[in-house]
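Visitor: Could you take me slowly through one part of this structure, the surroundings of one of its bound ligands? I would also like to know how that part compares with the rest of the chain.

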Amino acid sequence: MRLLWRALKFALALLTVLLVIAVGLTLFLSRLLWQGATRHPKAVALGVLVLVLGAAALFAALFGFRAAAATLPPQPMAFPHTIHAGTLGLECTFCHRTAATAAAASYPSLEQCMFCHKVVGKDNPNLKPLYEAAGKEQPLNWLRVHRLPDHVHFQHGAHIQAGLTCATCHGEVKAMTEVRQVRALNMGDCLSCHRASGGPTDCATCHY
Ligand code: HEC
Ligand code: HEC
Ligand code: HEC
Ligand code: HEC
Ligand code: HEC
């Protein structure tokens, strides 16, 4: 259903764009060719404007989806991997505890942060949101940076057990003040590694 809906939305967007371009072209050509461009500068300008808008809309329709995925979600507070995984050299699985064994890597709980921050950083203003959340006994709701569509199944455990490191797919997270997605992780990307490394390639491995 979701796939069908996406295809439909895309087709609609494309149709609208084509329509706008067609109208622009008609306006432009009819005035330009039949009555002379110099006598109708406004019509020519309008035609050009509509054409430019059409081209921009086409561009947005084709590339807008990617641009949207590149913006980062607003996190409940800034969390620097540079300090924790970089300077302090904590293991990734110290916080992402289930990455080597389960499907999801998981986020650390507030208690895990407080394990150190009960003591460290009391006066650091950047830690204020953490202490406020702890005071209210409210979890920090970290938002997803990487997110595959719902019809795709991913398994962290199998990949870590096969000897891959986090950096293979997530890059040098310990050097990131804000985690961003650095690898495509789309179907082509998954499949090309699976083909190269003897991973499964039948549709049902990744699709429900
Ligand atoms: C002290 C705890 C801690 C350590 C150590 C840690 N992380 Fe994280 N990680 C977090 C928290 C909290 C978030 C959520 C906030 C964010 O996205 O930056 C996160 C987010 C991420 C994300 C983004 C997940 C998503 O899609 O939403 C990735 C990828 C990640 N960490 C990888 C790593 C890797 C690789 C390492 C080791 C080099 C590592 N982390 C070490 C706490 C930690
Ligand atoms: C193993 C101990 C440890 C754990 C666990 C830990 N931290 Fe830290 N964190 C530190 C140390 C040490 C510092 C540096 C002290 C300072 O700058 O005041 C720090 C600094 C910070 C800072 C300040 C960064 C800055 O630029 O000023 C933030 C924010 C922070 N931690 C958030 C978190 C969050 C959120 C968690 C849980 C996901 C967490 N920490 C888990 C040890 C830890
Ligand atoms: C083979 C590629 C690959 C490797 C290796 C990998 N990840 Fe991921 N990671 C992904 C993908 C793909 C997603 C998005 C999954 C989804 O949306 O279902 C993700 C999501 C995450 C998330 C957020 C959602 C969650 O699963 O809780 C965290 C945190 C994360 N990875 C941390 C890690 C850590 C830490 C390691 C190393 C121990 C690691 N990843 C290794 C591909 C990988
Ligand atoms: C860098 C290489 C690499 C990338 C990238 C990669 N995989 Fe894999 N994947 C593997 C290997 C190797 C295995 C086989 C592990 C084994 O033999 O158990 C595997 C196994 C799997 C399995 C089977 C898990 C199980 O329970 O047996 C699934 C599902 C999977 N991958 C999904 C994905 C998806 C979805 C993506 C893209 C988002 C992806 N993989 C990206 C290397 C990769
Ligand atoms: C190794 C994992 C993997 C395997 C195997 C795989 N896919 Fe995918 N597929 C993905 C991922 C990840 C996405 C979502 C990202 C994307 O659209 O590229 C996806 C997306 C799709 C989509 C939706 C495209 C869209 O626009 O959302 C279709 C349809 C699809 N796959 C069909 C198949 C078929 C048919 C097979 C078997 C021949 C197959 N897939 C095998 C990982 C896989």
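**The shell around ligand 4**

Guide: In this predicted model, helix H7 (156–161), helix H8 (166–170), helix H9 (187–197) and helix H10 (203–206) each give at least two residues to the shell around ligand 4. Of these contributions, the largest share comes from H9, with five residues. The shell holds 21 residues in total, and the closest to ligand 4 are Ala158, Ala162, Cys190, Cys193 and Gly199. When the residues around ligand 4 are sorted by class, 12 are nonpolar, eight are polar and one is charged.

Helix H9 appears again when we turn to ligand 5, where it gives the most to the shell, with four residues. Around ligand 5 there are 14 residues, and the closest are Asn186, Met187, Cys190, Cys203 and Cys206. The elements that supply two or more residues to this shell are H9 and H10. You may notice Cys190 in particular, since it is listed among the closest residues to ligand 4 and also among the closest residues to ligand 5. By class, the shell around ligand 5 divides into nine nonpolar and five polar residues, with no charged ones.

Ligand 2 is set in another part of the chain, and its shell can be read in the same careful way. Here 19 residues surround the ligand, and the closest are Cys113, Cys116, Gly121, Asn124 and Asn126. Helix H3 (81–87) and helix H5 (110–117) are the elements that give two or more residues to this shell, and H5 gives the most, with five residues. The shell around ligand 2 also draws on two domains, taking at least three residues from each of domain 2 (74–106 + 148–208) and domain 3 (108–141). Its residues comprise 13 nonpolar and six polar ones, and none that is charged.

Asn126, one of the closest residues to ligand 2, leads us to Met77, because the C-alpha atoms of Met77 and Asn126 are separated by 8.2 Å although the two residues are 49 residues apart along the chain. Met77 itself is found in the loop between helix H2 (41–70) and H3. With 14 other C-beta atoms within 10 Å, Met77 is partly exposed. Leaving aside residues up to four places away in sequence, Met77 touches Pro129, Leu130 and Leu140.

Now consider the chain as a whole. Its secondary structure comes to 10 helices and zero strands, so that reading along the sequence gives the pattern α-α-α-α-α-α-α-α-α-α. Buried residues make up 6% of the 208 residues in the chain. Among the contacts with a separation of 6 or more, 61% are between residues 24 or more positions apart.

A word on confidence belongs at the end. The chain averages a pLDDT of 85, and 74% of the residues score at least 70. Over residues 1–5, however, the pLDDT is below 50, and this stretch has two contacts in the model beyond near neighbours in sequence. The pLDDT is also below 50 over residues 64–68, a stretch with zero contacts in the model beyond near neighbours in sequence. Where pLDDT is low, the predicted coordinates should not be read in detail.

Notes
Residues numbered from 1 in each chain as written. Chains lettered and ligands numbered in written order. Predicted model: local features only at pLDDT ≥ 70, side-chain atom pairs only at ≥ 80, totals over all residues. Near = placed C-beta within 6 Å. Nonpolar A, V, L, I, M, F, W, Y, C, P; charged D, E, K, R; others polar. Domains from an automatic or database assignment. Buried ≥ 20, exposed ≤ 12 C-beta atoms within 10 Å, placed from the backbone. Contact = placed C-beta atoms within 7 Å. pLDDT = per-residue confidence, 0-100.
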